[in-house]
Amino acid sequence: MVMSSSGSVPRLVIAAPSSGSGKTTVATGLMAAFAARGLAVSPHKVGPDYIDPGYHALASGRVGRNLDAYLCGPELVAPLFLHGARGCDIAVVEGVMGMFDGAAGEGELASTAHVAKLLRAPVVLVVDASSQSRSVAALVHGFASWDPEVRVGGVILNKVASDRHEALLREALESAGVPVFGVLRRVDQVETPSRHLGLVPVAERRAAAVEAVAAMAEQVRAGCDLDALMGLARGAGALSGAAWDAAEVLGSSPPPPLPVPSSRGSAPSTPPWELRPQTPAPQTPVGLDFADRPVRVAVAGGPAFTFSYAEHSELLAAAGAEVVVFDPLRDEQLPDGTRGLVIGGGFPEMYAAELSGNEPLRKAVAALAESGAPVAAECAGLLYLCRELDGQPMCGVLDADARMAEKLTLGYRDAVAVSDSSLAVAGTRMRGHEFHRTVVEPGAGDAAAWGVRVPRRRLEGFVQRGVHASYLHTHWASVPGVARRFVERCRTS
């Protein structure tokens, strides 16, 4: 088999008229079905979502990556895609919400349609056909003709009730001139459980997730024309420009690749949903003294802290860090020699008792923060650093308490750093995303992390000693200098 160059890798964008139509089932099933054919499949997700990429990783055996035109800017979508798809036979990109739904008040920005245009990729529209027959043709025609720059190559019909129902749908779409690439019936086994922030992450339901992904793959294999879909993917236009590279954007020596689970043979010792933060230590270039050698940065992982963009660890490694993953639910101490700590997002509220019960680690985190070492905490990390979470003692690094709330806080944010910190100097602008159903009181410290403009002007987060803690999820590829600043602070703290 000859793999495509990244610029011409066959690719498909899986979109839908609305959320709940079956994008995740189809995209994940396609990834797994193509991987079962022996193809190297590159999995991608439009938008900031961390959970779907975990299922994508399980299906493809490769790290799931996000493509977010709001967080990173439209100019980085194609380079980040080329980076992730390097050496692959096909890339499958799962869309977000409805095909034309993007950042609120920003037009098409960050929508599935926008990313499809940036990638010059054909779109397969997944349609929930459960309550319609001939009307499906009008629906698909509208989506296919709304933006002439978006190429809708065909549809996959989901939740089809019977052979008769399928015949009616196919007849309607034939008259509309839109190819049908697949028909899927409702199958309970492929339903994945949800809760207050969406799907339950893979790391929390490993055995069930493996079964669900296998069922998705079988349903897609049986119901879809994989050869025709591959043919459509091969018709994607070539992308110009270079792939994103952490070493190049930081001007350092190339970092080693993320460990990749094999999609063939025995299962990897490390589950794929835990691979994103794991990067081997970079080699010290000849001629550099001890001060330039890698510094150890601990990254929280495990079921309670599953949210992390792969590029963060790659940037840390390129900046000279040895990235070591630990599990706050299991490990009672930070990795030996830890000089900095990154605690990303996740669901600590689901594990508050277990996190609280690991008192030795809580004390170790507090001691590291007290020493002035750099600590970067986002959302779940912010909660973990508070005094309490729903009455359970946490690390006590911050003079704040966290609790579950009735209201979901969700949306993109435009932010500016208001305090010098281990991540950024005051005045640094970044875009972020909030996604939580918790409240931290107070919402900001004496030295706040960010000034947020939308949906209302407010100060947010905490900066104290080396700690930068905030609800905002950010993508460091947009401002890669934060990784270098963090590692430099690790050396000097």
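Start with helix H10, residues 310–318: in this predicted model, H10 lies across strands S10, S11 and S12. Compared with the direction of S11, the helix runs at about 140 degrees.

What are those strands part of? They belong to an open sheet of 6 strands, and if you walk across it you meet them in the order S11-S10-S12-S13-S21-S20, with mixed pairing. At the edges you'll find strand S11 (321–326) and strand S20 (462–464), and each of these pairs on one side only. Ignoring direction, neighbouring strands here are turned by 15 degrees against each other on average.

Let's zoom in on that S11 edge. Strand S10 (residues 295–300) pairs with S11 in the parallel sense, over 6 bridges. To spot one pairing, look for Ala298, whose bridge partner in S11 is Val324. Another helix, H12 (residues 359–370), lies across S11, S12, S13 and S21, and runs at about 110 degrees to S12.

Now hop over to another sheet. This open sheet has 7 strands in the order S3-S2-S4-S1-S5-S6-S7, with parallel pairing. Strand S3 (65–67) and strand S7 (180–185) are at the edges with a single partner strand each, so one side of each has no neighbour in the sheet. From one strand to the next, the twist averages 25 degrees.

Inside this sheet, strand S2 (residues 41–46) and strand S4 (residues 90–94) pair in the parallel sense over 5 bridges. Which residue in S4 is the bridge partner of Pro43? That's Val92. Finally, find helix H5 (residues 135–146), which lies across strand S5 (123–128) and strand S6 (152–160). H5 runs at about 150 degrees to S5.

Methods:
Residues numbered from 1 in each chain as written. Predicted model: local features only at pLDDT ≥ 70, side-chain atom pairs only at ≥ 80, totals over all residues. Heavy atoms only, no water. Pairing = 2+ DSSP bridges. Helix = DSSP H or I, 4+ residues; strand = E, 2+ residues; numbered from the N terminus. Axes fitted to C-alpha atoms, helices over the stretch in contact; angles between N-to-C directions. Contact = heavy atoms within 4.5 Å.
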